[in-house]
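Visitor: Hello! I am new to this structure and would love a close look at one part, the place where the two chains meet. Could you walk me through it?

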Amino acid sequence: MVQEKRPFWAVMAGLNSVSRKTTAATSDTDWGDMLRRVAQTQDSEAFAALFAHFGPRVKGYLMKSGADAASAEECAQDVMVTVWRKADQFNPARASAATWIFTIARNRRIDMLRRDKRPEPEDLPWGPEAEPDQEDAMALQQESEQLAAALQELPEAQRSMIERAYFNDLSHSEIADATGLPLGTIKSRIRLALERLRHSLN
Amino acid sequence: MITHHLNDKLLMAYSAGSLPEAFNLVVATHISICDECRARLASFDAIGGALLDQDDSAEMGAQSLSTVMARIKTAGPVAKEKPQTRDAVLPAPLVAAIGGGLDKVQWRAVGGGVRQAILKTSDKATARLLHIPGGVAVPDHGHQGLELTLVLQGAFRDEDGRFGRGDIEIASEEVEHTPVAEPGMDCICLAATDAPLKFRSILPRLAQPFLRI
Ligand SMILES: [Zn+2]
């Protein structure tokens, strides 16, 4: 259950003991599995762990994008409410948990800063009903980790260009073509999943 | 078979959420019918995910989690998303932008048998549908800024090759091109630009303000 009306340190201590009992919130935490637990059993412990990890990151993202602390806090809360409510739409063969939460935060940011509308592409009919392929999900998870590691190792100038593109609104013409990131592996993984989906629909 | 795709800049800017609405519409429409770019977009979203997951975070308020849990408990059921519609020519994002299928498009003649319909977007860039009879040349024009042209029906050819359904031409400042619709089926395109086009022939310069392009 959620700790209510307790000081911040007590809430945090509670969170830590909760996550130690279940899954230690380390870099190895399977956030996708936490989302699955939220979706399937409304598991508030799993959600508290997700909240402790992603809440501050979403807030940081919004502040780097130009929001003041108060509206960033409010929007980060909105994003986490959406994470709970839409957890059943998360598909681990399609995106990592961080990527999925990024897309929710990005859309909330567009609304908050009244940026240009961003229509979504036509939906593919793979939602909760299409059972995600376990192997695809695991491989995608690994490739996402490799991408994160590669991002850390980029030369500073390149890394900062990419960060500015995502946080500070570089215009498309200011973005350099080469990112130096191994995007091909993730692309191939998604492509494979798409082909399987198309095949299963025919 | 789509052979002309979105470039990395456009995909990254669409993923980051920083494109003008008119370009967002073109990107979303292309991805709706191109699995290749849909997969590429997923890899750009993954960069966003990796950046989000970095450690530079901002501490949430002390009551944040309990506030969120209270909102979750009192919130009603998740609203069913409106089912998307498309028609044989227009993918869902375009149907949504027009408010209906191809039969709902308000065409206006712009000369030479060419018709266009301006779509409502933010004013940072303009999006319009073009209807070009088979065999007819699109008025010769040069560019300032960036122009995206996505083929939805029929095909056109220009200096860069053949563009059929799903193909997107990305023309920047240097390019001066003369697209000609292939004989046969009329060509329908979605075009977006962030600068007024400079027509060189057919349409007199004076007409430009009235065309809103
Ligand atoms: Zn494509």
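Guide: Here is a tour of the contact between the chains, followed by a short look at a sheet behind it and at one charged side chain.

This is a predicted model, in which local features need pLDDT of at least 70, side-chain atom pairs count only at pLDDT 80 or more, and totals for chains, interfaces and linings use all residues. Residues are numbered from 1 along each chain as its sequence is written, chains are lettered from A and ligands numbered from 1 in the order in which they are written, and side-chain values use heavy atoms, with hydrogens and water left out.

Chain B brings 68 residues to the contact and chain A brings 76 residues, where contact means heavy atoms within 4.5 Å. The size of an interface is often given as the accessible area lost when the parts come together. Between chain B and chain A the buried area is about 6,600 Å², with 61% of it from carbon and sulfur atoms; buried area is the accessible area (1.4 Å probe) that two parts lose on being put together, summed over both.

Polar contacts link 27 residue pairs between chain B and chain A, both residues being at pLDDT 80 or more. Such a contact is a pair of N or O atoms within 3.5 Å; within protein, one must be able to donate a hydrogen and the other to accept it, and residues adjacent in sequence count only if both atoms are side-chain atoms.

On chain B, the side that touches chain A draws at least two residues from each of α1 (8-16), α2 (21-33), α3 (35-52), α4 (64-74) and α5 (92-98). Helices (H or I, at least four residues) and strands (E, at least two) are DSSP runs, numbered from the N terminus. The largest share, 16 residues, belongs to α3(B).

Seven salt bridges cross the interface of chain B and chain A, each being a side-chain nitrogen of Lys or Arg within 4 Å of a carboxyl oxygen of Asp or Glu. In one of them, R191(A) reaches E36(B), with the closest N and O atoms 3.1 Å apart. R191(A) also meets E195(A) in a salt bridge (3.1 Å, N to O). Because E195(A) and R191(A) are four residues apart in helix α8 (residues 184-201) of chain A, about one helical turn separates them.

Behind this, chain B has an open sheet of six strands in the order β1-β2-β3-β11-β5-β8, with antiparallel pairing; two strands pair if DSSP finds at least two bridges between them.
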